[in-house]
Amino acid sequence: MTATTLDSPLGELTLTATEGGLSGLYFENHQHPPQDEMEFVPNRHPYFEAAQSWLEAYFGERIRKPLPVLDLVAGTGFQRRVWDELSRIPEGGTLTYADIANRIGSPRGVRAVGAAVGRNPVSILIPCHRVVGSNGTLTGFAGGLERKRWLLVHEGILCL
């Protein structure tokens, strides 16, 4: 697996890629970092360039570009269903863990949904930061709650 690092307003990000696409986007001190051995390369790799371009637009001009090609090699079938549902949360919106559990046909699987959200390998790109507790509170984020808050403020979902 190849990897590179990028600077961002939220600190250094580590990107990972396979031959099939971008496989990870992790924050410093990420709760669930990649487990595979990584070979760090300059970000001139096409998947890293696409991710960097997308992130620059996301953090900067706010013009959305298509997502880079993703290759989510990790994850169980259940986790992938959760991640697929996360990708449907529109910018400016949020869902609760219970909402996601209901949408994937597992209404009693709220805790399992929470665990799957926490294992999302491509933070920001698949917007796990848009998932909130049933009472609207900010709960859990593998990159830390301060980063989650920053992302939600950046997207105009939260006000300071």
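Q: In which strand is the place of Thr96?
A: The structure is a predicted model. In this model Thr96 belongs to strand S5, which spans residues 95-96.

Q: Is Thr96 buried or exposed?
A: A residue counts as buried when its relative accessible area is under 20%. Thr96 has a relative accessibility of 13%, and it is therefore classed as buried.

Q: Which residues does Thr96 touch, not counting residues up to four places away in sequence?
A: With those sequence neighbours set aside, Thr96 touches Val131, Val132, Gly133 and Ser134.

Q: How should one read salt bridges, and how many does a search of the whole structure find?
A: Side chains of opposite charge can pair when their charged atoms come close. Here, the search of the whole structure yields five salt bridges.

Q: Which residue forms a salt bridge with Asp84, and which with Glu85?
A: Asp84 pairs with Arg88, with the closest N and O atoms 2.9 Å apart. Glu85 also forms a salt bridge with Arg88, and there the closest N and O atoms are 3.3 Å apart. As for their surroundings, Asp84 is partly exposed at 38% relative accessibility, whereas Glu85 is buried, with a relative accessible area of 8%.

Q: Which side chain meets that of Glu155 in a salt bridge, and which parts does the pair tie together?
A: The partner of Glu155 is Arg130, at 2.7 Å from N to O. Glu155 lies in the segment after helix H5 (145-154), and Arg130 lies in the loop between helix H4 (110-118) and strand S6 (131-132), so the salt bridge ties together parts that are 25 residues apart in sequence. Both Glu155 and Arg130 are buried.

Q: Which residues are joined into one network by salt bridges that share partners?
A: The network consists of Asp84, Glu85, Arg88 and Arg103.

Q: How does one read the buried face of a helix, and which residues of helix H2 are buried?
A: An α-helix has 3.6 residues a turn, so residues three or four places apart point the same way. In helix H2 (residues 77-86), the buried residues are Gln79, Val82, Trp83, Glu85 and Leu86. Viewed down the axis of H2, these residues fall within an arc of 160 degrees, so they line one face of the helix.

Q: What covers the buried residues of H2?
A: The cover includes helix H3 (97-103), together with H4 and S6.

Q: How is a pair of aromatic rings described, and how many aromatic pairs does the structure hold?
A: A pair of aromatic rings is described by the distance of the centres and the angle of the planes. The structure holds four aromatic pairs. One of them joins Trp54 and Tyr58 in a stacked arrangement, 5.4 Å centre to centre with 10 degrees between the planes. Trp54 and Tyr58 are four residues apart in helix H1 (residues 46-59), and therefore about one helical turn separates them. Both Trp54 and Tyr58 are buried.

Q: What is the arrangement of Tyr58 and Phe59, and which residues do ring pairs link into a cluster?
A: Tyr58 and Phe59 form an edge-to-face pair, with 5.2 Å from centre to centre and 75 degrees between the planes. Phe59, like Tyr58, is buried. The cluster linked by ring pairs contains Trp54, Tyr58, Phe59 and Trp150.

Q: How many residues has the largest nonpolar core, and which have the most contacts inside it?
A: The largest nonpolar core has 35 residues, and those with the most contacts inside it are Leu55, Val82, Leu86, Val113, Val117, Ile124 and Leu151. At least two residues of this core come from each of strand S2 (13-18), strand S3 (21-27), H1, H2, H3 and H4. H1 gives the most, with six residues.

Q: With which residues is Leu151 in contact, leaving aside its neighbours within four places in sequence?
A: Leu151 contacts Leu10, Phe27, Tyr58, Phe59, Ile124, His129 and Phe141.

Q: Where is the place of Pro66, and is Pro66 buried or exposed?
A: Pro66 sits in the loop between H1 and H2. Its relative accessible area is 71%, and Pro66 is therefore exposed. The C-alpha atoms of Pro66 and Ala51 are separated by 9.8 Å, the two residues being 15 residues apart along the chain.

Q: In which helix is Gly114 found, and what is its relative accessible area?
A: Gly114 is found in helix H4. Its relative accessible area is 26%, and Gly114 is partly exposed. Between the C-alpha atoms of Gly114 and Gly92, which are 22 residues apart along the chain, the separation is 20 Å.

Definitions and conventions:
Residues are numbered from 1 along each chain as its sequence is written. This is a predicted model: local features need pLDDT of at least 70, side-chain atom pairs count only at pLDDT 80 or more; totals for chains, interfaces and linings use all residues. Side-chain values use heavy atoms; hydrogens and water are left out. A salt bridge is a side-chain nitrogen of Lys or Arg within 4 Å of a carboxyl oxygen of Asp or Glu. Buried means under 20% relative accessible area, exposed over 50%, partly exposed in between (1.4 Å probe, protein chains only). The arc is that of the directions from the helix axis to the C-beta atoms. Contact means heavy atoms within 4.5 Å. Rings of Phe, Tyr and Trp (its six-membered ring) pair if their centres lie within 6.5 Å; planes under 30 degrees apart count as stacked, over 60 as edge-to-face and the rest as tilted. A nonpolar core is a set of buried Ala, Val, Leu, Ile, Met, Phe, Trp, Tyr and Cys residues joined through side-chain atoms within 4.5 Å.
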